[in-house]
Amino acid sequence: MVPLDTPPAERAEILSVEGLVRHFRKRRAHPFAEPEVIRAVDGVSFDLREGETLGIVGESGCGKTTTGRLVLGIDEPTAGTVRFDRQNVNGLSPSDWRDLRRDMQMIFQDPMGALDPRMTVAAQIGEPLDIHGIGTKEEREAAVLEMLEAVGLPEP
């Protein structure tokens with residue numbers, strides 16, 4: 001991992017999005033009506049380097065969630081490219097996407113839906129590690145403790 005005091009230009013590019021477009025066709029009111037196109041995302045581009053955090057903000061309906069879904073391969077873009085760790089991810093197979101999603105995720109804007117009140121914070125931190133089978137049980141537990149310590153939360 002590169003130290004965060006490394007100049008941004010020297011950090012590895014993790015995610016590159018170029019000209020991302022997603023248009024949806026609205027159902028026609030009648031068979032002879034002109035099809036209406038909804039431009040949910042239209043020409044979004046950004047780069048993210050190691051150690052950087054990206055927040056996408058905007059008014060309701062401006063395409064934030066659609067952009068995230070396109071980057072994660074949940075929806076197919078109308079145009080544009082998404083590269084993760086220099087690999088073009090457009091058109092990956094479902095199993096390749098499953099492997100890739102171990103390294104990327106979207107955090108939704110709904111604060112009430114972000115955490116499960118029935119689970120401890122430690123259990124929620126460990127859940128993705130369990131789901132993806134990362135490390136042994138002991139290694140996962142150690143990783144959770146390390147993450148809790150890093151943000152100043154007490155051990156469970």
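This passage looks at a helix, a pocket and a surface patch in a predicted model.

Helix α1 is a good place to start. It runs over residues 64-71, and six of its eight residues are buried, so the helix is largely enclosed by the rest of the structure. The buried set is made up of K64, T66, T67, G68, L70 and V71. As for what does the covering, the elements over these buried residues include two strands, β1 (13-26) and β2 (36-49), along with β3 (79-84) and helix α2 (94-100). Past the helix comes G73, and its phi is positive, near 75 degrees.

Next, the pocket. The largest one holds about 2300 Å³ of space. Its lining counts 46 residues, and those closest to the pocket centre are D103, M104, Q105, M106 and I107. Several elements chip in: at least two lining residues come from each of β1, β2, α1, α3 (111-114) and α4 (121-131). Helix α4 gives the most, with seven residues in the lining. Helix α1 thus turns up twice, as a largely enclosed helix and as a supplier of at least two residues to the pocket lining. Strands β1 and β2 likewise appear both among the cover of α1 and in the lining of the largest pocket.

Out on the surface, V121, V151 and L153 make a nonpolar patch of about 250 Å². One of these, V151, sits in the segment that comes after α5 (137-150). V151 counts as exposed because its relative accessible area is 61%, over the 50% cut-off.

How values were computed
Residues numbered from 1 in each chain as written. Predicted model: local features only at pLDDT ≥ 70, side-chain atom pairs only at ≥ 80, totals over all residues. Heavy atoms only, no water. Patch = residues over 30% accessible without salt bridge, like charges linked within 9 Å, V, L, I, M, F, W, Y side chains within 5 Å. Areas by Shrake-Rupley, 256 points an atom, 1.4 Å probe, with all protein chains shown as cover. Salt bridge = Lys/Arg side-chain N within 4 Å of Asp/Glu carboxyl O. Helix = DSSP H or I, 4+ residues; strand = E, 2+ residues; numbered from the N terminus. Buried < 20%, exposed > 50% of the residue type's maximum accessible area, 1.4 Å probe, protein only. Contact = heavy atoms within 4.5 Å. 1 Å grid on protein atoms, 1.4 Å probe; cavity = no way out; pocket = protein on both sides within 12 Å on 5 of 7 lines; lining within 4 Å. Points joined across faces, edges and corners; volume = space filled by probe spheres on them.
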